[in-house]
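Hi,

Here is the model I promised to pass on. Have a look at it first, and then read on for my notes on what turned up.

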Amino acid sequence: QVQLVESGGGLVQAGGSLSLSCAASGLTFSSDTMGWFRQAPGKEREFVGGIKWNNGDTYYADSTKGRFTISRDNAKNTVYLQMDSLKPEDTAIYYCAVATWSNSRVAADYAYWGQGTQVTVSS
């Protein structure tokens with residue numbers, strides 16, 4: 001079975017940086033796509049970015065492209081979300097997930113989810 005465990009959330013000042021990790025198990029590696037989503041109170045879950053596990057190809061939401069970077073460490077079976085130039089509007093619970101479809105930006109296409117980790121950006 002697929003298991004995803006996020007870590008690295010916390011409190012950071014606006015303009016600062018934070019790196020999130022998603023330790024994964026049970027992936028096929030040759031076909032799976034990992035996605036990052038976030039959800040703030042009272043708002044729907046929002047796509048952040050994704051990465052194809054086997055080749056490292058990435059894609060991002062317009063709101064995060066240029067500030068956020070997704071990468072992977074094959075040896076550790078871990079995907080990272082490096083967040084730079086953070087803004088208060090980035091405050092949310094961040095989730096990693098495994099897509100049933102490749103290169104999806106839609107939450108409904110992701111079959112497995114981690115527990116989430118809180119990111120709070122102060123002004």
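Let me start with a charge over a ring: the charged end of Arg45 sits over the ring of Trp113, 4.7 Å from the ring centre. Arg45 also lies over the face of Tyr95, this time at 3.9 Å from the centre of the ring. Before you go further, please keep in mind that this is a predicted model.

**The aromatic rings**

Both of those rings belong to something wider. Ring pairs join Tyr95 and Trp113 with Phe37, Phe47, Tyr59 and Tyr110 in a cluster. Searching the whole structure gives 6 aromatic pairs. One of them is Phe37 with Tyr110, an edge-to-face pair with 4.9 Å from centre to centre and 80° between the planes. That pair links distant parts of the chain, since Phe37 is in strand β4 (residues 33-39) and Tyr110 is in strand β10 (residues 110-113), 73 residues apart.

Are these two rings buried or exposed? Phe37 counts as buried, at 1% relative accessibility, and Tyr110 is buried too, with a relative accessible area of 4%.

Phe37 also pairs with Trp113. Here the ring centres are 5.1 Å apart and the planes are at 55°, so this pair is tilted. With Phe37 in strand β4 and Trp113 in strand β10, the pair ties together parts of the chain that lie 76 residues apart in sequence. Trp113, the ring under the charged end of Arg45, counts as partly exposed, because its relative accessibility is 27% and the buried class stops under 20%.

**The disulfide**

How many disulfides does the structure hold? The count is 1. The bond joins Cys22 to Cys96, with 2.0 Å from S to S. The torsion about the S-S bond of Cys22 and Cys96 is about 65°, so the disulfide is right-handed. In the chain, Cys22 is in strand β3 (residues 18-25) and Cys96 is in strand β9 (residues 92-99), so the link reaches across distant parts that are 74 residues apart. Cys22 counts as buried at 0% relative accessibility, and Cys96 counts as buried at 1%.

**The salt bridges**

Next, the charged pairs. As a reminder, side chains of opposite charge can pair when their charged atoms come close. The count here comes to 3 salt bridges, and it is worth going through them in turn.

Take Arg38 and Glu46 to begin with: their side chains meet in a salt bridge at 2.9 Å, N to O. Arg38 counts as buried at 6% relative accessibility, whereas Glu46 is partly exposed, with a relative accessible area of 30%.

Arg38 has another partner in Asp90, and the closest N and O atoms of that salt bridge are 2.8 Å apart. This pair links distant parts of the chain: Asp90 is in the loop between β8 (78-83) and β9, Arg38 is in strand β4, and they are 52 residues apart. Asp90 and Arg38 are both buried.

Asp90 then pairs with Arg67, again in a salt bridge whose closest N and O atoms are 2.8 Å apart. Arg67 is in the loop between β6 (58-60) and β7 (68-73) and Asp90 is in the loop between β8 and β9, which puts the partners in distant parts of the chain, 23 residues apart. Arg67 and Asp90 are both buried. Through shared partners, the salt bridges join Arg38, Glu46, Arg67 and Asp90 into one network.

**Ile51 and its surroundings**

One more residue to look at is Ile51, in strand β5 (residues 46-52). Ile51 is buried, with a relative accessible area of 1%. Which residues does Ile51 touch, leaving out those up to four places away in sequence? The contacts are Asp32, Thr33, Met34, Gly56, Asp57, Thr58, Tyr59, Ile70, Ser71, Arg72 and Val79. Tyr59 will be familiar by now, as a member of the aromatic cluster. To place Ile51 against the start of the numbering, Ile51 and Gln1 are 50 residues apart in sequence and 20 Å apart in space, C-alpha to C-alpha.

That is everything from my side for now.

Best wishes

Terms used
Residues are numbered from 1 along each chain as its sequence is written. This is a predicted model: local features need pLDDT of at least 70, side-chain atom pairs count only at pLDDT 80 or more; totals for chains, interfaces and linings use all residues. Side-chain values use heavy atoms; hydrogens and water are left out. Rings of Phe, Tyr and Trp (its six-membered ring) pair if their centres lie within 6.5 Å; planes under 30 degrees apart count as stacked, over 60 as edge-to-face and the rest as tilted. Helices (H or I, at least four residues) and strands (E, at least two) are DSSP runs, numbered from the N terminus. Buried means under 20% relative accessible area, exposed over 50%, partly exposed in between (1.4 Å probe, protein chains only). A charge sits over a ring if NZ of Lys or CZ of Arg is within 6 Å of the ring centre and within 35 degrees of the ring normal. A disulfide is a pair of cysteine sulfur atoms within 2.5 Å. Contact means heavy atoms within 4.5 Å. A salt bridge is a side-chain nitrogen of Lys or Arg within 4 Å of a carboxyl oxygen of Asp or Glu.
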